[in-house]
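Let's work through a couple of exercises on pockets. Grab a pencil and take a look at the model first.

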Amino acid sequence: MATTLPPISSANEKVPNTIIIEEDVDASKHRALSARHRQNVERQERVKRAQPRLTRLDTARYRNSFKHSLCLDMLREGFHRSFCEISLLMKYHKEERENAGPDSAIWYKPILEDEREKCNIIKNKLMESEIAERNDDFQIVYEALLFLAEYFESADDYWLSEYFHSRSLEATADIRDDGGRSQAEAHRNVGRIYFRRAEFSNAELHFEKFYSLASGRQWINEADSTLLHTKACELLTTLYTTRAENCTDSDEGIQYLLKAFDMSKTGGDDKSHGRASYRLGQAYLFIGDIQTAVQYLNIYLDISEKEGDIEAVADACEYIAKAMEELNHIDECLKYLHRFEEVARSSSSSEVHSRACRSLGIFYNSFGNFHKAREYFDKAYSLTDDSSRSTVEKCSVSLGVARSHEMFLRYSDYVEHPRLGSVQTILNWKDKRQFPKNDDFYKRHVELINQLYYSRILLY
């Protein structure tokens, strides 16, 4: 349905009062809206003034990658050498990851350029070292690079740690005012890197350089308050021992053990010196030079007694007893075996005590004293830990052999020397595998057993 529109008013015609009222309402609404708008605008202006003004560089940081912004900052501030170094490290790590492929462990680790914290630390320290190098302050250069090496070593990033340790060694060549201490420490750190890689020849070169620089100096190692010279002796002793263990030629191995022995003596650590003596004694015993073995084992025994190391004394007695057995000094061998058992008994290690009892059991069993052999094998078996299956089996077999020998000696006595009730005793034994408990066989045959024992010693 069509709506009729009001007529258009002429110019002289008056406007109705209702229209004027509506216009006044609209104006008041407009003023209210304008005031609210002004408040919003003013609030936005306050917030805008409170925010920092973004420069073109700030905007670029949001638009560009982290690597791009990092390198751009270094170049803008004039650190071109630091830029080249960090760029090469990023490139090297990326190429290593790609060459290793998706089947490698490194593939699942983030590449260096994506690790912002590490990159920022490298950037700051490289810039610090570059400033120090411009000022010919090479001590600061060394300390900045050493900080990076130790930081990445604690983070298990060994490739970065190794790189910065090598760089710190290069920086020490220009340090003139510390008497060579920084260079000595740098050689120690690089030597440890090669030792961890099992590149023992290179490690030896750096450790020996560290030793020569630290000799005669009273430099204190801040980590454990020991002399750097003592630390150098410890590292060389460990290195020479490791090289000896990896030698296929026994003569070459003994030469390295002799070096370790001399170095441990120079270091002044009695415990380390004793262990070096012990290893030398074992090596000489292995090649058949028994007299020399006894000489070094006695040094180990003396040092262990002085240190109060019970288990070390037990080890020394055990190997000296073996050496005496090789020399056919049976009485001396038995003396050291009994000492081994006494010392082991006072120790807290049941495994060592069990080993001592078993050694005595083997000795007595070899020389015909089956009763004592059985007693010591019984002790060894009772002391054995069930978790060591091979040791339990050895002890059980040894105990079974000793018991069979002891029974055979009794059985043969009843057969060869018949007396009243002998046949019945043998029949009972065949039935129960047990002789009478009140059997005085050993009391009656002590002389026979001793004669058998010493005759075997003479034959031996």
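**Exercise 1.** Which helices each supply at least two residues of the lining of the second largest pocket?

*Solution.* First, some ground rules: this is a predicted model, where local features need pLDDT of at least 70 and side-chain atom pairs count only at pLDDT 80 or more, while totals for chains, interfaces and linings use all residues. Residues are numbered from 1 along each chain as its sequence is written, and side-chain values use heavy atoms, with hydrogens and water left out.

Step 1: know your terms. On a 1 Å grid over the protein atoms alone, a pocket is an open set of points where a 1.4 Å probe fits, with protein on both sides within 12 Å along at least five of seven lines; lining residues have an atom within 4 Å of a point. Helices are DSSP runs (H or I, at least four residues), numbered from the N terminus.

Step 2: read off the helices. They are α10 (228-245), α11 (250-267) and α12 (270-287), and α12 gives the most, with five residues.

**Exercise 2.** What is the volume of the largest pocket, and which helix brings the largest share of its lining?

*Solution.* Step 1: the volume, meaning the space filled by probe spheres set on the grid points (joined across faces, edges and corners), is about 360 Å³.

Step 2: α8 wins here, with seven residues. The lining has 16 residues in total, and L146, E150, R188, N189 and N221 lie nearest the centre of the largest pocket.
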